[in-house]
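Student: I would like a close look at one part of this model, taken helix by helix. Please keep to what can be read from the coordinates.

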Amino acid sequence: MAVEEIVTDPSSRRPLASRGTFWAKAMASRLARRTITPNQISQAGIGFALIAGVFFWLSADLSGWARILCLIGAAVGIQLRLLCNLLDGMVAVEAGKGAPDGAFWNEVPDRIADILILVGAGYGAGLPALGWAASAFAVFTAYLRAFGQSLGQAADFRGPMAKPHRMAALTFGALATCFEPLLGDHRYVLATVLTLVLAGTLWTCLRRARGILAFLNRKR
């Protein structure tokens, strides 16, 4: 299956309930009427991910309100990244503004964004190796999905730590970390969330790999 077919085939899109909401359709419609392209929306997602990662990183050496504001900024950056992920596909498919190079901008920014956010969270938790490991497995989950599709398998978006789950966990981690002084152990919450993300992405990789093997064996 060609990359273009993988991206434009509606069955290969991640099922999202938010795609059918009034506010999402209204935002996509408004963007579609402007000169903004789906590729530009995807690129903006990298910018918001960078903001989230930097805020996570800065929070490590701050305290008080400065730290709390950085953590809130990281949570907002994550959500804006997800909003870009939602709207770029809607503007491309529903509004018919897809471009020949849309396949590239549909996938690559997501991988960069995952790395920026997870690595930033690792530095924010004082455990950079944990952030790098989580980002590596996050990228690998996407690779396995794309690899399976290239073999003719239906898109496998299974978790337990697919992209929406990872970002939800990190958003929770950022906001919960604001209350760490009440919990006593500095950076404990963010480190715990990152550990869960790492374990979940590893399990997700194993599930998707098993799915590919089962698919190939059924074709024999």
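Tutor: The model is a predicted one, and a convenient place to start is P160, which sits in the loop between α6 and α7 (163–177). The peptide bond that joins G159 to P160 is cis, with omega at about 25 degrees.

On one side of that loop is α6. Helix α6 (residues 128–150) packs with helix α5 (residues 102–124) at an angle of about 160 degrees, and their axes are 7 Å apart. Angles over 145 degrees count as roughly antiparallel, and α5 and α6 are therefore roughly antiparallel to each other. The crossing in which α5 passes α6 is right-handed. From α5, the residues that take part are E107, R111, D114, I115, L118, V119, G122 and Y123; from α6 they are P128, G131, W132, A134, S135, A138, V139, A142 and R145. Sorted by class, the contact of α5 with α6 has ten nonpolar, three polar and four charged residues.

On the other side of the loop is α7. The 15 residues of α7 should span 21 Å at 1.5 Å a residue, and the C-alpha atoms at its ends are 21 Å apart, so the two values agree. Its buried residues are K163, R166, M167, A169, L170, T171, G173, A174, A176 and T177. As background, an α-helix has 3.6 residues a turn, so residues three or four places apart point the same way.

T201 connects several of these pieces. This residue belongs to helix α9 (residues 188–218). Buried means under 20% relative accessible area; T201 has 0% and is therefore buried. Leaving aside residues up to four places away in sequence, T201 touches A134, F137, A138, T141, M161 and R166. Among these, A134 and A138 are also residues of α6 that meet α5, while R166 is one of the buried residues of α7.

A second helix pair can be set beside the first. Helix α2 (residues 22–32) and helix α4 (residues 64–93) pack at an angle of about 60 degrees, with 9 Å between their axes. Their crossing, too, is right-handed. On the α2 side the contact is formed by W23, A24, K25, M27, A28, L31 and A32, and on the α4 side by L83, L86, L87, M90 and V91. The class count for the contact of α2 with α4 is eleven nonpolar, no polar and one charged.

Notes. Residues numbered from 1 in each chain as written. Predicted model: local features only at pLDDT ≥ 70, side-chain atom pairs only at ≥ 80, totals over all residues. Heavy atoms only, no water. Axes fitted to C-alpha atoms, helices over the stretch in contact; angles between N-to-C directions. Helix = DSSP H or I, 4+ residues; strand = E, 2+ residues; numbered from the N terminus. Parallel < 35°, antiparallel > 145°, perpendicular 65-115°, else oblique. Left-handed = near helix turned anticlockwise from the far one by under 90°. Contact = heavy atoms within 4.5 Å. Nonpolar A, V, L, I, M, F, W, Y, C, P; charged D, E, K, R; others polar. Expected span 1.5 Å × (residues − 1). Buried < 20%, exposed > 50% of the residue type's maximum accessible area, 1.4 Å probe, protein only.
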